[in-house]
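Me: I have a model open at the bench and would like to go through the terms used for it. Could you take my questions one by one?

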Amino acid sequence: QVHLVESGGGLVQAGGSLRLSCAASGRTFSNYVMGWFRQAPGKEREFVARIIWSGGSTYYADFVKGRFTISRDNAKNTVYLQMNSLKPEDTAVYYCAARLYGSTSYADWGQGTQVTVSS
């Protein structure tokens, strides 16, 4: 069973940075795609970024391109989301998710970590 635990959220001023971590366990993740999503109050959950574990190919939502970077550490089985130039509209609960490569839906989710950006 896949187990995902996010950490690294917090309160930061606009223009600041945070790095989120997602510790993954329970599987060999070489054939997985790892994603970050977020959900702001009163809004639907939205895709932020994803990385194909094997090879490291990345893809980003337009609203984070150039500001956020997704990466993974194979030795630690951890996926990161480096967030720079944060804006108040980035305030949300951020979730880590996993899906098998070739699957269209993310089957496994973490509990989320709160990111709050003050103006």
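Me: Which backbone nitrogen does the side chain of Thr113 reach, and what makes this a polar contact?

Reply: Happy to help! The side chain of Thr113 reaches the backbone nitrogen of Gly9 at 3.2 Å. A polar contact is a pair of N or O atoms within 3.5 Å, where within protein one must be able to donate a hydrogen and the other to accept it, and residues adjacent in sequence count only if both atoms are side-chain atoms. The 3.2 Å for Thr113 and Gly9 is within 3.5 Å, so the pair is called a polar contact. Please keep in mind that this is a predicted model, where local features need pLDDT of at least 70, side-chain atom pairs count only at pLDDT 80 or more, and totals for chains, interfaces and linings use all residues. Residues are numbered from 1 along each chain as its sequence is written, and side-chain values use heavy atoms, with hydrogens and water left out.

Me: Why is Thr113 called buried?

Reply: Its relative accessible area is 11%. Buried means under 20%, exposed over 50% and partly exposed in between (1.4 Å probe, protein chains only), so Thr113 at 11% counts as buried. Its contacts (heavy atoms within 4.5 Å) include Glu6, Leu20 and Tyr94, not counting residues up to four places away in sequence.

Me: Why is Trp109 partly exposed instead?

Reply: Trp109 has a relative accessible area of 29%, which lies between the two limits, so partly exposed is the right word. The side chain of Trp109 also reaches the backbone oxygen of Tyr106 at 3.1 Å.

Me: What makes the charge of Arg45 sit over the ring of Trp109?

Reply: The rule asks for NZ of Lys or CZ of Arg within 6 Å of the ring centre and within 35 degrees of the ring normal. The charged end of Arg45 is 3.7 Å from the centre of the Trp109 ring, so the distance part is met, and the pair is listed as a charge over a ring.

Me: How do you know that Phe37 and Tyr106 form an edge-to-face pair?

Reply: Rings of Phe, Tyr and Trp (its six-membered ring) pair if their centres lie within 6.5 Å; planes under 30 degrees apart count as stacked, over 60 as edge-to-face and the rest as tilted. Phe37 and Tyr106 are 5.0 Å centre to centre with 80° between the planes, so edge-to-face it is. Both Phe37 and Tyr106 are buried, and they belong to one aromatic cluster with Phe47, Tyr59 and Trp109.
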